[in-house]
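Hi there,

Here is the structure I promised to pass on to you. Have a look at it first, and then read on for what I found in it.

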Amino acid sequence: MAEINRDDVAHLARLAHIDMNDDELDRMAGELAVIVDSIKTVSEVAGDDIPATSHPIPLSNVFREDVVGETLSNEEALLGAPDNADGRFKVPAILDGE
Amino acid sequence: MTAVTDEVLTFDEAMEKYDPVLGFEVHVELNTKTKMFSSAPNAFGDVPNTNVTPVDLGLPGVLPVVNGVAVESAIKIGLALNCRIAEKCYFARKNYFYPDTPKNFQTSQFEDPIAYDGSIDIELADGTVFTIEIERAHMEEDAGKLTHMGGSTGRIQGAEFSLVDYNRAGVPLIEIVTKPIVGAGSRAPELAKAYVAAIREIVKNLGVSDARMERGNVRCDANVSLKPKGQEKFGTRTETKNVNSLRAVEHAVRYEIQRHAAVLDSGTPILQETRHWHEDTRSTTSGRPKSDADDYRYFPEPDLVPVVTNEAWIEKLRAELPEPPAERRKRLQADWGYSDAEFRDVVNAGVMSSIEDTIAAGVSAAVARKWWMGEISRRAKLADVEPAELGVTPELIVELNALIESGKINDKLSRDVLDGVLAGEGTPAEVVEKRGLAVVSDDGPLLEAIDGALAAQPDVADKIRGGKVQAVGAIVGGVMKATRGQADAARVRELILQRLGVEG
């Protein structure tokens with residue numbers, strides 16, 4: 001039984017502001033369901049005695065000194081931006097479509 | 001933008017029928033040198049998109065590393081709010097798609113905040129104390145700054161495009177969340193203001209934030225709901241954002257109470273939504289309703305490892321905490337013997353620390369107060385600066401006071417001496433010398449001036465002779481004028497009465 005259905009994908013697409021047509025929703029629901037099912041095999045291996053973890057290495061308190069390091073220049077920062085103005089990233093109207 | 005003006009009840013009408021329930025989320029920007037997860041400078045007002053690293057821009061393949069000082073600041077805030085500190089806590093990704101974060105998520109904390117279950121006592125102006133329970137304080141990062149362009153109002157509605165500056169993205173934030181605050185009744189707006197003021201004072205006193213509200217260092221989202229009097233169940237709440245001054249917090253809470261009351265009275269349910277505060281109209285407008293878009297899909301941040309605390313570390317930080325502001329005020333007021341009103345004025349004038357230093361330098365509490373609340377505050381107001389910025393040192397006040405107590409100068413002359421010292425003419429003693437400001441203590445010139453004053457006001461002289469001793473003030477005034485204030489008023493009074501043969 002697939003854990004991801006078409007409605008889930010539609011919901012996620014809306015959250016992520018991704019426009020998807022019916023065909024794409026159907027296809028993506030199928031593909032994501034396969035991925036979820038594959039990953040589920042992990043829980044078959046991990047018994048109740050294995051705590052959930054978010055990190056593979058048992059580390060804690062990895063901290064940085066509060067010392068200023070190298071930064072990007074304004075030009076470098078904007079290099080990958082599709083559009084910019086006044087030294088800032090230019091993005092489309094935000095409320096559009098809401 | 002909705003142009004509809006909402007109906008409101010008067011505050012008193014609202015209070016007759018409903019009990020307000022409040023809740024606050026206060027965001028505090030830390031004043032660390034660098035950001036929460038990158039070594040970019042944490043600085044205000046720089047050229048846009050220059051205080052950024054690949055981490056702040058969410059470029060592929062980057063790895064965040066936690067700022068150790070920010071973690072310690074978070075623990076200090078937790079301790080100052082009487083919170084428990086988590087033995088182990090995690091960072092989480094709060095996923096949302098909005099250009100103020102280039103990563104499409106904000107790194108925050110979800111189920112395991114670093115601090116939880118605290119409380120602080122908030123004292124209102126009349127001394128009433130409310131205890132506010134703290135739900136949690138967690139670590140996160142600030143977002144970038146958006147400027148909406150092309151619309152007529154500069155607001156998001158109607159904008160054609162927006163410009164983004166990521167200098168603020170990643171600045172360490174501590175979000176402090178209260179539990180629901182019930183029972184404040186008609187004091188709710190006042191309590192709201194006092195609570196945010198207390199948080200601001202605490203983080204400033206800890207030295208972990210610059211706490212400048214006008215720069216957004218302390219920002220408040222205010223939750224308000226109403227329940228009919230006697231009802232236990234909470235009503236639907238709204239969350240008012242952009243409430244970024246102490247006065248605005250008070251006004252926004254008051255306005256929302258009045259607006260909720262009108263909506264409920266009309267039989268309509270309150271819509272759970274975000275409201276935006278407008279300082280110009282002192283009202284809120286509808287923002288965004290809570291919807292399935294508030295599905296943040298939190299999950300543990302895989303690029304950051306847990307923060308683990310231990311008792312030794314926490315106790316070391318606790319030992320570094322300064323005396324809490326409220327306790328310090330109580331102690332100082334008791335030490336100085338000021339009345340509640342006197343002390344409140346001192347606090348409001350921002351001269352409490354100056355008075356403390358001045359007393360430590362060697363004058364009485366009364367003398368220190370006289371100077372800081374009198375002449376120095378007056379000059380500060382004229383110059384439009386803080387009293388402490390005038391350059392008047394505690395030592396200077398001690399010297400001036402010594403000159404007054406020795407009878408060399410009087411209060412009036414001391415102001416001229418202060419002028420001279422601030423103008424760089426030397427020490428108070430030198431200024432007295434150079435300007436010839438010493439009190440006229442030789443009776444000869446005084447008697448001459450007294451005779452002149454008596455001759456000028458013969459009717460007053462007669463009154464005094466006839467026993468109306470209180471009329472002597474007019475003659476003293478004349479003498480002080482004649483000697484340009486350089487006489488010792490008490491001595492003048494004595495001499496006048498002697499001259500007229502009247503018992504003082």
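**A helix across a sheet**

In this predicted model, helix α4(B) lies across β1, β12, β13, β14 (273-278) and β15 of chain B. The helix runs at about 30° to β12(B). That is a good place to start looking, since it leads to the sheet and then to the core.

**The sheet in chain B**

What is the order of the strands in the open sheet of 9 strands? Reading across, you meet β3-β7-β8-β11-β1-β12-β13-β14-β15, with all of these strands in chain B and a mixed pairing. At the edges are β3 (84-85) and β15 (283-289) of chain B, each of which pairs on one side only. As a reminder, strands of a sheet pair through backbone hydrogen bonds, and they do so either parallel or antiparallel.

For an example of the antiparallel sense, try β12(B) and strand β13 (residues 238-243) of chain B, which pair over 4 bridges. Here you can find Ala222(B) standing opposite Thr240(B) in β13(B).

**The cores of chain B**

The largest nonpolar core has 73 residues. Which of them touch the most other members? They are Ala74(B), Ile77(B), Ile114(B), Ala137(B) and Tyr195(B). Several elements of chain B supply at least two residues each, including strands β1 (18-29), β7 (115-123), β8 (129-141) and β11 (172-178). Helices α2 (68-80), α3 (188-206) and α4 (246-265) of chain B are also among them. The element that gives the most to this core is α3(B), with 11 residues.

Ala74(B) is a nice residue to click on. Leaving aside its neighbours within four places in sequence, Ala74(B) is in contact with Ile114(B), Ala115(B), Ala137(B), Met139(B) and Ile174(B). Apart from the largest core lies another one, of 37 residues, with Val392(B), Leu418(B), Leu454(B) and Ile475(B) among them.

**Chain B as a whole**

Chain B has 16 helices and 17 strands. Its radius of gyration is 31 Å, well over the 23 Å that the globule rule gives for 504 residues, so chain B is more spread out than a compact globule. Along the principal axes, the C-alpha atoms of chain B fill a box of roughly 95 × 55 × 50 Å. Of its 504 residues, 38% count as buried. If you take the contacts in chain B between residues at least 6 apart in sequence, 67% of them join residues at least 24 apart.

**Chain A**

Now for the other chain. Chain A holds 3 helices and 3 strands, and from the N terminus on its elements run α-α-β-α-β-β. A compact globule of 98 residues would have a radius of gyration near 13 Å, but the value for chain A is 21 Å. Its C-alpha atoms fill a box of roughly 50 × 45 × 20 Å, taken along the principal axes. Of the 98 residues of chain A, 7% count as buried.

Is Glu75(A), in helix α3 of chain A, buried or exposed? Glu75(A) has 11 C-beta neighbours inside 10 Å, and 12 or fewer makes a residue exposed, so Glu75(A) counts as exposed. From Glu75(A) to Arg88(A) is 13 residues in sequence and 9.8 Å in space, C-alpha to C-alpha.

**Where the two chains meet**

How many residues of chain A are in contact with chain B? There are 34, and they are in contact with 41 residues of chain B. On the side of chain A that touches chain B, α1 (6-15), β1 (63-64), α3 (74-78) and β3 of chain A each supply at least two residues. β3(A) gives the most to this side, with 5 residues. The residues of this side of chain A divide into 17 nonpolar, 11 polar and 6 charged.

The chains also share a sheet: 4 strands form an open sheet in the order β2(A)-β3(A)-β10(B)-β9(B), with antiparallel pairing. Its edge strands are β2 (84-85) of chain A and β9 (145-149) of chain B. Strand β3 (residues 88-92) of chain A is joined by 4 bridges to strand β10 (residues 161-165) of chain B, and Val91(A) stands opposite Ser162(B) there.

Elsewhere, β1(A) pairs with strand β2 (residues 66-67) of chain B in the parallel sense, over 2 bridges. In this pair, Phe63(A) stands opposite Val66(B).

Enjoy exploring!

Conventions
Residues are numbered from 1 along each chain as its sequence is written. Chains are lettered from A and ligands numbered from 1 in the order in which they are written. This is a predicted model: local features need pLDDT of at least 70, side-chain atom pairs count only at pLDDT 80 or more; totals for chains, interfaces and linings use all residues. A nonpolar core is a set of buried Ala, Val, Leu, Ile, Met, Phe, Trp, Tyr and Cys residues joined through C-beta atoms within 7 Å. A residue is buried if 20 or more other C-beta atoms lie within 10 Å of its own, exposed if 12 or fewer, and partly exposed in between; C-beta atoms are placed from the backbone. Two residues are in contact if their C-beta atoms, placed from the backbone, lie within 7 Å. The radius of gyration is taken over C-alpha atoms; the globule rule is 2.2 Å times the number of residues to the power 0.38. Two strands pair if DSSP finds at least two bridges between them. Ala, Val, Leu, Ile, Met, Phe, Trp, Tyr, Cys and Pro count as nonpolar, Asp, Glu, Lys and Arg as charged, and the others, Gly among them, as polar. Axes are lines fitted to C-alpha atoms, for helices over the stretch in contact, and angles run from 0 to 180 degrees between N-to-C directions.
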